[in-house]
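Colleague: I'm new to this one, so could you take me through the aromatic ring pairs up close?

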Amino acid sequence: MGIIDEDIITDEEATVTETQEIEIDMNLAKEFAKIKKDDFEGDKILELKDIQVRYEVHGGEVKAVEGITFDLKEGETMGLVGESGCGKTTAAFTINHLLPENGYIAGGEIWYKGKKIAEEESAPVGFLSRSKEAKAKREMINKLRWKEISMVFQGAMNAMNPVHKVSEQIIEAILQHEDISYQEARERTEKLFKLVGIEKSRMDGFPHEFSGGMKQRAMIAMALACSPSLIIMDEPTTALDVIMQDKILAEVRDLQKALNIATILITHDISVVAETAEKIAVMYAGVFMEYGDIVSIFENTSNPYTQGLKEGFPNIRGEKGTLKSIPGSPPDLVHPPRGCKFHPRCKYAKAECMESEPEMILVDENHWSRCHFAKDLYSGKLGQGGQ
């Protein structure tokens, strides 16, 4: 006899659980939607205005985010796309006040439901600091996190505590932010499991007893625990096979629409956001290279970096061709290149690209691009446009 827990889910059971079609219980969705009702009646639920983020390191300061601006409406989904190290997760951590000890906001403001929740800091403010500023920040953060803004972290497959039951970890999050009894929190957790398509009989299992897709759904259930108005999902399909990725993304989309939750979907895979988001921001070296309506950007790409990301993924409906990668590597953000940050890797780079940094310009309605030749790319005069 081996020391195998009889409750561990088998491969066959995992397959059945993961591949079953999930139908959203609309009555249950409406019940959760009522929890987050508030008096906010504005148009924009989230606004980032010229946000700049720095990390203090031995070699100087990492310019992780350089003046990004965007807004999000209630129930809207935005895809945040780019290579590793381009500043996507830093932007998310800034919204949720999760920057490490050496990070700080060097400029700009963040507004949530009409209230300013972050602004320029003169230097890193340690979360454990005893200053009045740090204490006030902690109190504001505790009211904001999970109840208003929640997050599915990168590497969610390993994000849960392995020595605690999955249900207890979700219940703890609810009790931390809401004044309800343990029994009420447990009943809500049962409903959350049903909402994301996991049998309630599995809720008292440990993380190692869950398959990959079930862990991902459990993390989504935890993010929904306090019925937030905004969920940030950082690489939610990492380590899942393509079939499971598609199912998880479809479920995320259905839940987001049913609960009318604004969502920021962070990924390095531009194809992931194609059928999920209403708008997209393509990020490189801490700045937005292209931003706006997702249909316009996919059909009329106006930035060489976005074009490069698209060429790295196959088109199942178009002509077969060799996939192309972007040569080189992202720049050192302590000492970024002069001019356009992408020029060392850009096939269209000219002298002016090496001398002056391009501004974000409007190339079409709800479509901005940061490139000296954005309008030429958009019109097809340079390169292949959106092809």
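Modeller: Sure, let's start with F342, which is buried at a relative accessible area of 3% (buried means under 20%, exposed over 50% and partly exposed in between, with a 1.4 Å probe and protein chains only). Bear in mind that this is a predicted model, where local features need pLDDT of at least 70 and side-chain atom pairs count only at pLDDT 80 or more, while totals for chains, interfaces and linings use all residues. Residues are numbered from 1 along each chain as its sequence is written, and side-chain values use heavy atoms, leaving out hydrogens and water.

Rings of Phe, Tyr and Trp (its six-membered ring) pair if their centres lie within 6.5 Å; planes under 30 degrees apart are stacked, over 60 edge-to-face, and the rest tilted. That rule gives 7 aromatic pairs. One of them is F70 with F288, a tilted pair with 6.0 Å between centres and 35° between planes. F70 sits in strand 2 (residues 60-73) and F288 in strand 10 (residues 287-293), so this pair links distant parts of the chain, 218 residues apart (strands are DSSP runs of E, at least two residues, and helices runs of H or I, at least four, numbered from the N terminus). F70 and F288 are both buried.

Back to F342: its edge-to-face partner is Y284, at 5.2 Å centre to centre and 85° between the planes. Because Y284 belongs to strand 9 (residues 279-284) and F342 to the loop between helix 10 (304-311) and helix 11 (351-355), the pair ties together parts 58 residues apart in sequence. Y284 is buried too, with a relative accessible area of 1%.

Ring pairs also join F70, F288, Y291 and W368 into a cluster.
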